[in-house]
Amino acid sequence: MLSAAAHIHSSDDARRLAKRRLPWMVFDYIDGSAGGEAGARRNRAAFEALTLEPRILRDVSSRNLSADVFGTTAQRPFGIAPMGMCNLSAPGADLMLARLAAEFSVPHGVSTVASTPLERIIEVAGGHAWFQLYFSGDGAGAFKLATRAKVAGYKTLVMTVDVPEVGRRPRELRHGFKMPFSIGPRQFVDFALHPRWSLSQLAAGKPDMANFDMDGFDFDRTESRARATWDTLSRLRDMWPGNLVVKGVLNVDDALALKGAGVDAIQVSSHGSRQLESAPAPIDALPLIRSAVGKDFPVFFDTGLRSGEDVLKAVRAGADFTFFGRSLLFAIAAGGEEGLRNLWDVFSEELSSALAQTGRVSVK
Ligand code: FNR
């Protein structure tokens, strides 16, 4: 019998298979978007409306999927977006992603609320890990965490700025999802109906926010992050010697101000449509931001990428590099590390054939 991983031929397949295996609460935590989810639909509709023009009779037999990012060659023009609590998709998910990053020399975004300590992830990722920082409360914890990431050897810090308050995602709220995890009667029934997931999590131990188990590192996922300002950014710029990326930019004036503030790159993103439901589609904002900041300033992109063709569309719209989010977690939930590898290969093949069909040999 074929394993579930062998049935992954698209990101939709991964999502469908994951939906069967995951408790509803976990599926909705990963899949859910803000509010009534119009923002997610708007972005997908914008992606689907974009076309790529076929070009013919050019020799495209030798194709290269690599991309340059901060002076290193990533073997793919896409990496792994930072996501909190990845191990909810399956035990060991953070390290599966880290091994993938090491093999393809692509950035692995390590969330502030990762389910594996940041020191362990960068070690397994062979250095290809970027630390994602949330500011919260008065910011003291965030600066401590940035220092800790620096000591652990992180060279790139990604400050996520689109969560001044945690977005309301009704599907997640309905299930009573919260971190640290608590199991009431509702969750008990949900877990009992998904025994495969529940038994594997039971054997591995309850997933938790692993960067906060030591003195002085506390994080309340629901605490306001609203006190971050341009001054916070400038203090972070002063203390962070490596690359500083600001993630969650959708406005041209903000993008220009960030460039002026000395950040090394901006990431156009609506947090996977998980924050402001009425935000513009990131894929529509991307070309406007690219033309404002000029062709040489690094611009990254995430949100709503579901295929290799989508990656090519984002590159065409101005992205130097892109990131996949929830689809990777669905692949892990569906088929473990093999599922993740299969979906990664699917994305790679989709991009490679899209390049050939549009008469190109690389994304550069
Ligand atoms: C996220 N994202 C996110 N971003 C971030 O900066 N810090 C975080 O901790 C998280 N956590 C998180 C959890 C889950 C389950 C998801 C799905 C997403 C957002 C993420 O980095 C990225 O912006 C989106 O996931 C990209 O969109 P797609 O590919 O999921 O549509």
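These legends accompany close-up views of two helices, α13 and α3, in a predicted model.

**View A. Helix α13 sits largely enclosed by the rest of the structure.** Spanning residues 308-316, α13 has nine residues, and seven of them are buried, so the surrounding structure largely encloses the helix. Take a look at which ones they are: Gly308, Asp310, Val311, Leu312, Lys313, Ala314 and Val315.

**View B. Helices and strands together cover the buried residues of α13.** Among the covering helices are α3 (38-49), α12 (282-293) and α14 (326-357). The strands that take part include β3 (78-80), β9 (299-302) and β10 (321-324).

**View C. The two ends of α13 each have a detail to look for.** At the N-terminal end, Ser307 acts as the cap, with a side-chain oxygen 3.3 Å from the backbone nitrogen of Glu309. Just after the helix comes Gly318, whose phi is positive, at about 125 degrees.

**View D. Helix α3 has the length expected of it.** With twelve residues at 1.5 Å a residue, α3 should span 16 Å, and this agrees with its end C-alpha atoms, which are 16 Å apart.

**View E. One face of α3 is lined by its buried residues.** Gly39, Asn43, Ala46 and Phe47 are the buried residues here. Viewed down the helix axis, they fall within an arc of 100 degrees, so they line one face of α3. Their cover includes α12, β9 and α13. Turn to the other side of α3 and you will find Arg41, Glu48 and Ala49 exposed.

Conventions
Residues are numbered from 1 along each chain as its sequence is written. This is a predicted model: local features need pLDDT of at least 70, side-chain atom pairs count only at pLDDT 80 or more; totals for chains, interfaces and linings use all residues. Side-chain values use heavy atoms; hydrogens and water are left out. Buried means under 20% relative accessible area, exposed over 50%, partly exposed in between (1.4 Å probe, protein chains only). Helices (H or I, at least four residues) and strands (E, at least two) are DSSP runs, numbered from the N terminus. Contact means heavy atoms within 4.5 Å. A polar contact is a pair of N or O atoms within 3.5 Å; within protein, one must be able to donate a hydrogen and the other to accept it, and residues adjacent in sequence count only if both atoms are side-chain atoms. The expected span of a helix is 1.5 Å times one less than its number of residues. The arc is that of the directions from the helix axis to the C-beta atoms.
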